[in-house]
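Let's take a walk through this fold, one sheet at a time. Keep the structure open beside you as you read.

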Amino acid sequence: RIVVFAAAGCGVHAFVGPSLDSFLSRYSGEAAVQKALVYEVPRDSPHGDLQVDNACVGLASTRVLFWLTGVGVLVATVKNPIEADGNVLESPPGLIPFPRSAKAQQQTRI
């Protein structure tokens, strides 16, 4: 199975299919794109970053998705193998707050 992750605005989408041609036809149209939405955050980021990398712990085949958002870095393990129902990420994801809140910054100065 092939998975293509795409971040747009407040959402990250996962497009899944057995081949590139099949998932391009499967996800055509606005309603189909909404089905591909896997996570959504409350605040848009002016410049996000989406990365999939090898996990630091666990099996060598384990992959982790990192997504820089307006509320922090979302971290989720990519399921292996990918399930037929299209669930590609472990739930719930972790969230590393970024940028740090003003309250947290004041506490570190004391």
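Before we start, a word on pairing: two strands count as paired if DSSP finds at least two bridges between them. Keep in mind too that this is a predicted model.

With that in hand, look at strand 4 and strand 5, the latter covering residues 63-68: six bridges join them, and they run antiparallel. To find your place in this pair, pick out Asp49, which stands opposite Leu68 in strand 5. Now widen the view. Strands 4 and 5 belong to an open sheet of four strands, ordered 4-5-6-7 and paired antiparallel. Its edges are strand 4, residues 49-54, and strand 7, residues 94-97, each of which pairs on one side only. Going from one strand to the next, the twist averages 20 degrees.

Now move on to the other strands. Strands 1, 2 and 3 make up an open sheet of three strands, in the order 1-2-3, again with antiparallel pairing. Here the edge positions go to strand 1 (2-8) and strand 3 (37-40); each has a single partner strand, so one side of each is left without a neighbour in the sheet. Neighbouring strands in this sheet are turned against each other by 20 degrees on average, direction ignored.

Zoom in on strand 1 and its partner, strand 2 (residues 11-17). The two pair in the antiparallel sense over seven bridges. A handy landmark is Val3, whose bridge partner in strand 2 is Val16.

Stay with strand 1 for a moment, but turn to the surface. Ile2, Val4, Leu20 and Leu24 make a nonpolar surface patch of about 320 Å². Two elements give two or more residues to that patch: strand 1 and helix 1, which spans 20-26. Take Val4, which lies in strand 1. What lets Val4 join a surface patch? Patch members need over 30% relative accessible area, and Val4 is partly exposed at 33% relative accessibility, so Val4 clears that cut-off.

Finally, the cysteines. How many disulfides does a search of the whole structure find? The answer is zero. As for how Cys10 and Cys56 sit, Cys10 is partly exposed, with a relative accessible area of 22%, while Cys56 counts as exposed at 83% relative accessibility. The labels follow from the cut-offs: exposed means over 50% and buried means under 20%, with partly exposed in between. That is why Cys10, at 22%, is called partly exposed rather than buried.

How values were computed: Residues numbered from 1 in each chain as written. Predicted model: local features only at pLDDT ≥ 70, side-chain atom pairs only at ≥ 80, totals over all residues. Heavy atoms only, no water. Axes fitted to C-alpha atoms, helices over the stretch in contact; angles between N-to-C directions. Disulfide = S-S within 2.5 Å. Buried < 20%, exposed > 50% of the residue type's maximum accessible area, 1.4 Å probe, protein only. Patch = residues over 30% accessible without salt bridge, like charges linked within 9 Å, V, L, I, M, F, W, Y side chains within 5 Å. Areas by Shrake-Rupley, 256 points an atom, 1.4 Å probe, with all protein chains shown as cover. Salt bridge = Lys/Arg side-chain N within 4 Å of Asp/Glu carboxyl O.
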